[in-house]
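Visitor: I'm happy at the bench but less so with a model on screen. Could you walk me through how to read one?

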Amino acid sequence: QVQLVESGGGLVQAGGSLKLTCIVSGRTFSSYSMGWFRQAPGKEREFVAAIRWSGSTTSYADSVKGRFTISRDNAKNTVYLMMNSLKPEDTAVYYCNAVSYNNNYSPVHGWGQGTQVTVSS
């Protein structure tokens, strides 16, 4: 069974940066495409970014394009989300998951606990 553990969230001022980390258990991590999602209070969970298993291709939601960068280290079973130029509207709980890259980045597994990101204005 795959376990997902997100970390790196916190409180930051608008314009600041944070780097999120997701460690994935399981020996087949390198075969998964991975994604980041977020859920703001009172809103549905939404797609943020995805990266193919090889790291060769990335995709981003329009709202974060040019500000966020997804990356991965298959040797460490880890996927990252570097977030720059943060805005108050980026405030949410952030989650990672394996995704079906060719199926609208649909999540594959259950969710971890997420990590809270709060951006103050």
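Guide: We'll go through strands, turns, aromatic rings and the nonpolar core in turn. Keep in mind that this is a predicted model.

Visitor: Let's start with strands. Which strands does β3 pair with?

Guide: To read pairing, look for bridges between two strands and note the sense in which they run. Here β1 (residues 4-7) pairs with β3 in the antiparallel sense, over four bridges. As a landmark, find E6, whose bridge partner in β3 is C22. β3 also pairs with β8 (residues 78-83), again antiparallel, through six bridges. There the landmark is L18, which has M83 as its bridge partner in β8.

Visitor: And is β3 largely enclosed or open?

Guide: Count the buried residues, where buried means under 20% relative accessible area. β3 covers residues 18-24, and five of those seven residues are buried, so the strand is largely enclosed by the rest of the structure. β5 reads in a similar way: five of its six residues are buried, so β5 too is largely enclosed.

Visitor: What does β5 pair with?

Guide: Follow the bridges again. β4 and β5 run antiparallel and are joined by five bridges, with G35 partnered by A50 in β5. β5 also pairs with β6 (residues 58-60), antiparallel over three bridges, and I51 stands opposite T58 in β6.

Visitor: Which residues should I look at in the turns of those hairpins?

Guide: Check the backbone angles between the strands. The β4 and β5 hairpin has six residues between its strands, and G42 takes a positive phi near 75 degrees. In the hairpin of β5 and β6, also with six residues between the strands, G55 in the turn has a positive phi of about 80 degrees.

Visitor: Now the rings. How many aromatic pairs are there?

Guide: For each pair, read the distance between centres and then the angle between planes. Searching the whole structure gives five pairs. In one of them, F37 and W111 have ring centres 5.2 Å apart and planes at 80 degrees; planes over 60 degrees apart count as edge-to-face, so this pair is edge-to-face. F37 is in β4 (residues 33-39) and W111 in the loop between β10 and β11, so the pair ties together parts 74 residues apart in sequence.

Visitor: Are those two rings buried or exposed?

Guide: F37 is buried, at 6% relative accessible area, whereas W111 is partly exposed, at 32%. Now compare F47 and Y105, a stacked pair with 4.2 Å centre to centre and 5 degrees between the planes. F47 lies in β5 (residues 46-51) and Y105 in the loop between β9 and β10, so this pair ties together parts 58 residues apart in sequence. Ring pairs link F37, F47, Y95, Y101, Y105 and W111 into a cluster.

Visitor: Which rings does R45 lie over?

Guide: For a charge and a ring, look at what sits above the ring face. R45 lies over the face of Y95, 4.4 Å from the ring centre. Its charged end also sits over the ring of W111, at 3.9 Å from the centre.

Visitor: Last one: which residues touch the most other members of the largest nonpolar core?

Guide: In soluble globular proteins, nonpolar side chains tend to be buried together. The largest nonpolar core here has 34 residues, and W36, L81, M83 and Y94 touch the most other members. β3, β4, β5, β7, β8, β9 and β11 each supply at least two residues of this core.

Definitions and conventions:
Residues are numbered from 1 along each chain as its sequence is written. This is a predicted model: local features need pLDDT of at least 70, side-chain atom pairs count only at pLDDT 80 or more; totals for chains, interfaces and linings use all residues. Side-chain values use heavy atoms; hydrogens and water are left out. Buried means under 20% relative accessible area, exposed over 50%, partly exposed in between (1.4 Å probe, protein chains only). Two strands pair if DSSP finds at least two bridges between them. Rings of Phe, Tyr and Trp (its six-membered ring) pair if their centres lie within 6.5 Å; planes under 30 degrees apart count as stacked, over 60 as edge-to-face and the rest as tilted. A charge sits over a ring if NZ of Lys or CZ of Arg is within 6 Å of the ring centre and within 35 degrees of the ring normal. A nonpolar core is a set of buried Ala, Val, Leu, Ile, Met, Phe, Trp, Tyr and Cys residues joined through side-chain atoms within 4.5 Å.
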